[in-house]
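Reader: I'm new to this one and would like a close look at a single part of it. Could you walk me through it in plain words?

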Amino acid sequence: MAKELDLGLRFIVEPSGTSLTADESAALRDLKPSGVMLRKRNFAQNAPYQEWLAQYSRLLQDVREAIGRPNIIVSIDHEGGNVHRFPPPITRFPYPALYGRNRVAVEQVASMMASELRALGVNLSFSPCADIHSNANNPVINQRSFGQTARDVAESVCIFAEALRTGGVVPCAKHFPGHGDTSADSHYALPVVARNLDELRQQEFLPFAALIASGIEMIMSAHLMVPALDQKNQATLSPTIMRQILRDELSFKGITIADALGMKAIHDTLSSGSFAERAHAAGIDLFLMVGDTVSITDAVAIRDEWARSQSLSSAHSSLRDAQQRLEAFLLSLPQYAVTELDQKTLDIHHALAATLATNAAWSTFDFNPVGFD
């Protein structure tokens, strides 16, 4: 049964540096994942533009050769502010909170981001952040949010996602079912959302519902607990949240992806031996195997453990459904060569970023989300 399924397709992984190691190349050839996610460590941060760009281009070429599939996902967290992985001169736009209520600016930023991402060979951006900034003590979302009300966030994230899509980069909304009303950082702990179902429907779900209605292609789960919905499982591993609510109630037909599996809130479950089965049963299509505590070889190990599982026979239909969604998604995904951006384009982008940072619609304050560099 396992041989009929391409379980490696269920993973996105990350290289450990600016070039592939021999072990990573071998692991990519074995796993053949859907693609890779990029982080700061994949770019020579202190090198001149042409130098780091050439080195990065070789890295992507080696990744493509190792995976051996014509269409792959090349993804990155790219939100602005500190959620920015590239060296100069790639534009560092400000946090969405600083311009989120300016709909023209939202569209301009997303369009400019898309043009720069295309030049970097990126075809999937883990943005927009569809969480509502409803908790002033939130240590990880905060200015990453487009606003403080469900309506503001819903309007802005739909504009942002459409501009990315028009610019040739697939958006991924995050973090379902909503990470805004928490006071813990899932990189280090397991946050809890204390809202009841009615409150969630009136607040957290609304931006995601609007994105789904507008055709969002991918939604990322949050590693957090929502006791009113599921007292035993965090959202990533909850069939109630990811299947009953996201798929059935909100009618999402696209790709679901787990947030980074190197985060403390989820990492301890990876050694259970049944993680992939649980995540799949919950409704997760893609496993984002990235972070400082995981590697490509960990993805291979989880794939192998899953392949030996007796659950494959009983879950064959749903496994096939997930694989078909991913295969169709990959076929539709544009593939870009790495190219150098011209200085005139960069100057225009830098000017907008500076203007937005200076004329902020929401006052700045001390905030430094950790994320994965």
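Reader: Before we zoom in, what radius of gyration does the chain have, and how does that sit with a compact globule of 373 residues? After that, please take me to Q335 and tell me where Q335 lies and what Q335 touches.

Author: Happy to. Keep in mind as we go that this is a predicted model. The chain has a radius of gyration of 19 Å, and this agrees with a compact globule, because a globule with 373 residues would come out near 21 Å. If you lay the C-alpha trace along its principal axes, it spans about 60 × 50 × 35 Å. The chain is built from 13 helices and 8 strands, and 60% of its 373 residues count as buried. Now look at who meets whom: take the contacts with a separation of 6 or more, and 80% of them are between residues 24 or more positions apart.

With that picture in mind, let's go to Q335. You'll find Q335 in the loop between α12, residues 316-332, and α13, residues 343-358. Is Q335 buried, exposed or something in between? Q335 counts as partly exposed, because its relative accessible area is 27%, and the in-between class runs from 20% to 50%.

So who are the neighbours? Leaving out residues up to four places away in sequence, Q335 touches R64, P70, N71, I72 and N123. One of these, I72, has its backbone oxygen 3.2 Å from a polar atom of the Q335 side chain. The backbone oxygen of L333 also lies 3.2 Å from a polar atom of that side chain. If you want to trace these on screen, start at the side chain of Q335 and look for the backbone oxygen of I72, then for the backbone oxygen of L333.

Q335 also gives us a way across to another loop. Q335 and G168 are 167 residues apart in sequence, yet from C-alpha to C-alpha they are 9.6 Å apart in space. Step back one residue from there and look at G167, which is found in the loop between α4, residues 150-166, and β5, residues 170-176. G167 counts as buried because its relative accessibility is 12%, and the cut-off for buried is under 20%. Again setting aside residues up to four places away in sequence, G167 touches A114 and R118. The C-alpha atoms of G167 and R118 are 8.2 Å apart, with their positions 49 residues apart in sequence.

From α4 we can move to the loop before it. P128 has its place in the loop between β4, residues 124-125, and α4. The peptide bond that joins S127 and P128 is cis, with omega about 10 degrees. Both of these residues turn up again around a cavity: the second largest cavity is lined by E79, P96, S127, P128, C129, F146 and F160. About 30 Å³ of space lies in that cavity, and the structure holds 2 cavities of 30 Å³ or more. Sorted by class, its lining has 5 nonpolar, 1 polar and 1 charged residues.

There is a cis peptide bond between P88 and P89 too, again with omega about 10 degrees. P89 is placed in the loop between β3, residues 73-76, and α3, residues 103-119.

While we're on backbone details, two residues other than glycine are worth a click. K32 has a positive phi of about 50 degrees, and K32 is found in the loop between α1, residues 22-31, and β2, residues 35-38. With a relative accessible area of 34%, K32 is partly exposed. S251 has a positive phi as well, near 60 degrees, and S251 is found in the loop between α7, residues 239-249, and β7, residues 255-258. S251 is partly exposed, with a relative accessible area of 39%.

One last stop takes us from loops into a helix. R303 lies in helix α10, residues 296-307. You might wonder whether to call this arginine buried or exposed: R303 counts as buried because its relative accessibility is 12%. Not counting residues up to four places away in sequence, R303 touches L7, G8, F11, D30 and L31. L31 is also the last residue of α1, so to speak a handy signpost back to K32 and the loop where K32 is found.

Key
Residues numbered from 1 in each chain as written. Predicted model: local features only at pLDDT ≥ 70, side-chain atom pairs only at ≥ 80, totals over all residues. Heavy atoms only, no water. 1 Å grid on protein atoms, 1.4 Å probe; cavity = no way out; pocket = protein on both sides within 12 Å on 5 of 7 lines; lining within 4 Å. Points joined across faces, edges and corners; volume = space filled by probe spheres on them. Nonpolar A, V, L, I, M, F, W, Y, C, P; charged D, E, K, R; others polar. Helix = DSSP H or I, 4+ residues; strand = E, 2+ residues; numbered from the N terminus. Buried < 20%, exposed > 50% of the residue type's maximum accessible area, 1.4 Å probe, protein only. Contact = heavy atoms within 4.5 Å. Polar contact = N/O pair within 3.5 Å; in protein donor to acceptor, adjacent residues only side chain to side chain. Rg over C-alpha atoms; globule rule 2.2 N^0.38 Å.
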